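This report describes selected features of one protein model for a reader who is new to structural work. The sequence and the structure are shown first.

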Amino acid sequence: MAVPGSCPSTVAPSAGHPPICLADASGAGSQDMLRPHLVLFGDSITEQSFRPGGWGAALADTYSRKADIVVRGYGGYNSRWALFLIQRIFPLVGLPPVATTIFFGANDAALPGRTSQRQHVPVEEYRQNLKTIVNHLKDCSKSMVILLITPPPIDEDGRERYARSQYGEDARRLPERTNEMAGVYAGQCIELAKEMDVQCVDLWSKMQATEGWQKLYLSDGLHLTPEGNALVHKEVVQTLRGAGLKAEDMPHDFPHHSKIDGVHPERAFQ
């Protein structure tokens, strides 16, 4: 029987190498070896965040050897469909994330009666769905940093050009999204964050504070350019730091190489 804090199963060491710990299926014995997790939960803007120049990849670099960035982004999803995922992504047992970003709304704000109406969620329901997600995360952990991110603004001309590039003359005649409506959903996200005392990044306003934001931050009127990803990364890191998750203050999961003796490496791991 393994003693508390010991490894439940090991692989015998080969010459010059220490034994390798194998945790059992439940994760027992491995908790002190795990980096904390920071989960990114959202739609396609989250799913794409690990592409070259993406904000999720940049977060992984910022928290390198401090926390693992776990991407749970689902292209095309709205907050209604996200509710079917939360029990599986965030079970009430086990080690919860230290922080979670919740980034929905761009699809919820698709206009009814237009080409993307299947994704539309009424704004009142959108707010309630976010509230359900936040409450579930609070049930998972009382200390988790919960960060809501508003939908980005919409470059309506950019969406029109994108539609025509994809569908030519068959492109939709009316916009499936408007910046005004995205702002309505962003406002509800901000209000809910205040009501529930969680963190929030007002991406809708942050982007529009820069002249020429439409082409600078958005690649197709909705999704992010490298500059848009950089802005999201900056705002998320700033918010996490303000909530106590400063990368420089978080411990490395194993000793820095400079602390390892070339002759007796095992001493650094005792």
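## Ile86 and helix α4

Ile86 is located in helix α4. This is a predicted model, and every value in the report is computed from it. The relative accessibility of Ile86 is 5%, so the residue falls under the 20% limit for a buried residue. Its C-alpha atom is 7.1 Å from that of Ile133, although the two residues are 47 positions apart in sequence.

## The central sheet

How are the strands of the open sheet ordered? There are 5 of them, arranged as β4-β3-β5-β6-β7, and their pairing is parallel. Strands β4 (68–73) and β7 (199–201) form the edges, each with a pairing partner on one side only. From one strand to the next, the twist averages 20°. Strands of a sheet pair through backbone hydrogen bonds, and the pairing can be either parallel or antiparallel.

The pairings can be followed across the sheet. Strands β3 and β5 run parallel and are joined by 5 bridges; within this pairing, Leu38 stands opposite Ala99 of β5. Strand β5 also pairs with β6 in the parallel sense, over 4 bridges. Here the bridge partner of Ala99 is Val145 in β6. Ala99 therefore faces a partner on either hand, Leu38 in one pairing and Val145 in the other. Strand β6 (residues 145–149) continues the sheet by pairing with β7 over 3 bridges, again in the parallel sense. In that pairing, Leu148 has Cys200 of β7 as its bridge partner.

## The covering of strand β5

Is strand β5 mostly covered or mostly open? It is mostly covered, since 5 of its 5 residues are buried. The two faces of β5 can be considered in turn. Ala99, Thr101 and Phe103 are buried on one side, and Thr100 and Ile102 are buried on the other, so both faces are covered.

## Aromatic pairs

The structure contains 6 aromatic pairs. In one of them, the ring centres of Phe41 and Phe90 are 5.6 Å apart and the ring planes meet at 75°, which makes the pair edge-to-face. The reasoning rests on a cut-off: planes over 60 degrees apart count as edge-to-face.

What parts of the chain does this pair tie together? Phe41 belongs to strand β3 (residues 37–42), whereas Phe90 belongs to the loop between α4 (86–89) and β5 (99–103); the pair therefore links parts that are 49 residues apart in sequence. Both Phe41 and Phe90 are buried. Together with Phe104, these two residues form one aromatic cluster.

## The second largest pocket

The second largest pocket has a volume of about 360 Å³. Its lining consists of 17 residues, and those nearest its centre are His37, Ile89, Pro91, Leu95 and Pro97. Strands β3 and β4 and helix α4 are the elements that each contribute two or more residues to this lining.

What kinds of residues make up the lining of the second largest pocket? It comprises 12 nonpolar, 3 polar and 2 charged residues.

## Two residues with positive phi

Most residues other than glycine have a negative phi. Two residues in this model depart from that pattern. Arg65 has a phi near 65°, a positive value in a residue that is not glycine. Asp197 likewise has a positive phi, of about 60°, and is not a glycine.

Where do these residues lie? Arg65 is placed in the loop between α2 (55–62) and β4, while Asp197 is found in the loop between α7 (179–196) and β7. Arg65 is partly exposed, with a relative accessible area of 25%. For Asp197 the relative accessible area is 70%, and this residue is exposed.

## Glu160 and helix α6

Glu160 lies in helix α6, which covers residues 156–167. With a relative accessible area of 23%, Glu160 is partly exposed; the value lies between the 20% limit for buried residues and the 50% limit for exposed ones. Glu160 and Arg177 are 17 residues apart in sequence, and the distance between their C-alpha atoms is 10.0 Å.

Terms used
Residues are numbered from 1 along each chain as its sequence is written. This is a predicted model: local features need pLDDT of at least 70, side-chain atom pairs count only at pLDDT 80 or more; totals for chains, interfaces and linings use all residues. Side-chain values use heavy atoms; hydrogens and water are left out. Rings of Phe, Tyr and Trp (its six-membered ring) pair if their centres lie within 6.5 Å; planes under 30 degrees apart count as stacked, over 60 as edge-to-face and the rest as tilted. Buried means under 20% relative accessible area, exposed over 50%, partly exposed in between (1.4 Å probe, protein chains only). Two strands pair if DSSP finds at least two bridges between them. Axes are lines fitted to C-alpha atoms, for helices over the stretch in contact, and angles run from 0 to 180 degrees between N-to-C directions. On a 1 Å grid over the protein atoms alone, a cavity is a set of points where a 1.4 Å probe fits but cannot get out, and a pocket is an open set with protein on both sides within 12 Å along at least five of seven lines; lining residues have an atom within 4 Å of a point. Grid points are joined across faces, edges and corners, and a volume is the space filled by probe spheres set on the points. Ala, Val, Leu, Ile, Met, Phe, Trp, Tyr, Cys and Pro count as nonpolar, Asp, Glu, Lys and Arg as charged, and the others, Gly among them, as polar.
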